[in-house]
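Open the model in your viewer and keep the sequence beside it. This tour goes stop by stop: select, look, move on.

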Amino acid sequence: MNIDSITNGIVIDHITAGRGMRLYELLKLDELDCSVAIIKNAVSGKKGRKDIIKIDADIAVDLDVIGYVDPGATVNFIKGGKLVEKRTIDMPERLTNVIRCKNPRCITSVEQELDHIFTLSDRNKKVYRCIYCETKAN
């Protein structure tokens with residue numbers, strides 16, 4: 001398989017195998033008007049298998065979404081065909097409008113304009129809770 005290199009854009013690498021599509025959906029990459037490549041189950045020396053997402057555009061991506069879906073993934077920023085920055089992403093302390101509270105009694109169910117905000121309550125178990133009702137996120 002041959003996936004072209006990108007001149008200006010972003011490569012999300014070291015995604016745990018199988019989580020690439022979830023990132024694609026949460027980052028709303030389907031709405032972009034540029035080339036986006038998703039490579040699933042690529043061979044990885046560190047992980048055995050991994051997913052990779054290549055975005056052929058210089059856009060802002062929400063690093064909190066990446067940290068929520070797959071902490072430990074790396075984001076490579078490419079300019080002029082060269083790697084200019086590489087970041088390893090950690091779990092964010094706070095998520096805003098990334099996921100929605102599933103509690104039907106939560107105020108976010110009634111007040112539609114309220115932001116859906118979750119805070120990290122247990123880093124080891126990767127648990128986020130709604131700041132309004134304390135419901136655990138999926």
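Select Y128. This tyrosine is buried, with a relative accessible area of 1%. Keep in mind that you are looking at a predicted model.

Now add Y68. How many aromatic pairs does the structure hold? It holds one. That pair is Y68 with Y128: the ring centres are 5.5 Å apart and the planes stand at 75°, so the pair is edge-to-face. Y68 sits in helix 2 (residues 63-69) and Y128 in strand 8, so the two rings tie together parts that are 60 residues apart in sequence. Y68 counts as buried too, at 14% relative accessibility.

**Along to the cysteines**

Select C130 and C106. The sulfur of C106 is the closest cysteine sulfur to that of C130, at 3.7 Å. Why is this not a disulfide? The distance is too far for a bond, because a disulfide needs the two sulfur atoms within 2.5 Å. C130 counts as buried, at 1% relative accessibility.

Next, select C133 and C101. Here the gap from the sulfur of C133 to its closest cysteine sulfur, in C101, is 3.5 Å, again too far for a bond. C133 is partly exposed, with a relative accessible area of 24%. The count of disulfides in the structure is zero.

**A nonpolar patch**

Select Y132. Look for it in the segment after strand 8 (127-130). Is Y132 buried or partly exposed? It is partly exposed, at 33% relative accessible area. Now add I107 and I131. With Y132 they form a nonpolar patch on the surface, and together the three have about 230 Å² of accessible area.

**Salt bridges**

The structure holds six salt bridges. Three of them get a stop here, beginning with D70 and R19.

Select that pair. The side chains of D70 and R19 meet at 3.2 Å, N to O. D70 is in the loop between helix 2 and strand 4 (74-79), while R19 is in the loop between strand 1 (9-16) and helix 1 (20-26), so the bridge ties together parts that are 51 residues apart in sequence. D70 counts as buried, at 2% relative accessibility. R19 counts as partly exposed, at 31%.

Select E85 and R87. They form a salt bridge, with the closest N and O atoms 2.6 Å apart. E85 is partly exposed, with a relative accessible area of 32%. R87 also counts as partly exposed, at 33% relative accessibility.

Select R123 and D90. The closest N and O atoms of this salt bridge are 3.5 Å apart. The pair links distant parts of the chain: R123 is in the loop between strand 7 (117-122) and strand 8, D90 in the loop between strand 5 and strand 6 (94-96), and 33 residues separate them. R123 counts as partly exposed, at 35% relative accessibility, whereas D90 counts as exposed, at 52%. Add E93 to the selection. Salt bridges that share partners join D90, E93 and R123 into one network.

**Last stop: K86**

Select K86, in strand 5 (residues 82-88). This lysine is exposed, with a relative accessible area of 51%. Which residues does K86 contact, leaving aside its neighbours within four places in sequence? They are T74, V75 and N76. Finally, select I10. Its C-alpha atom is separated from that of K86 by 9.8 Å, with the two residues 76 apart along the chain.

Technical notes. Residues are numbered from 1 along each chain as its sequence is written. This is a predicted model: local features need pLDDT of at least 70, side-chain atom pairs count only at pLDDT 80 or more; totals for chains, interfaces and linings use all residues. Side-chain values use heavy atoms; hydrogens and water are left out. Patches are made of residues with over 30% relative accessible area and no salt bridge: like charges are joined within 9 Å, nonpolar side chains (Val, Leu, Ile, Met, Phe, Trp, Tyr) within 5 Å. Accessible areas come from the Shrake-Rupley method with a 1.4 Å probe; for residues, only the protein chains shown count as cover. A salt bridge is a side-chain nitrogen of Lys or Arg within 4 Å of a carboxyl oxygen of Asp or Glu. Helices (H or I, at least four residues) and strands (E, at least two) are DSSP runs, numbered from the N terminus. Buried means under 20% relative accessible area, exposed over 50%, partly exposed in between (1.4 Å probe, protein chains only). Rings of Phe, Tyr and Trp (its six-membered ring) pair if their centres lie within 6.5 Å; planes under 30 degrees apart count as stacked, over 60 as edge-to-face and the rest as tilted. Contact means heavy atoms within 4.5 Å.
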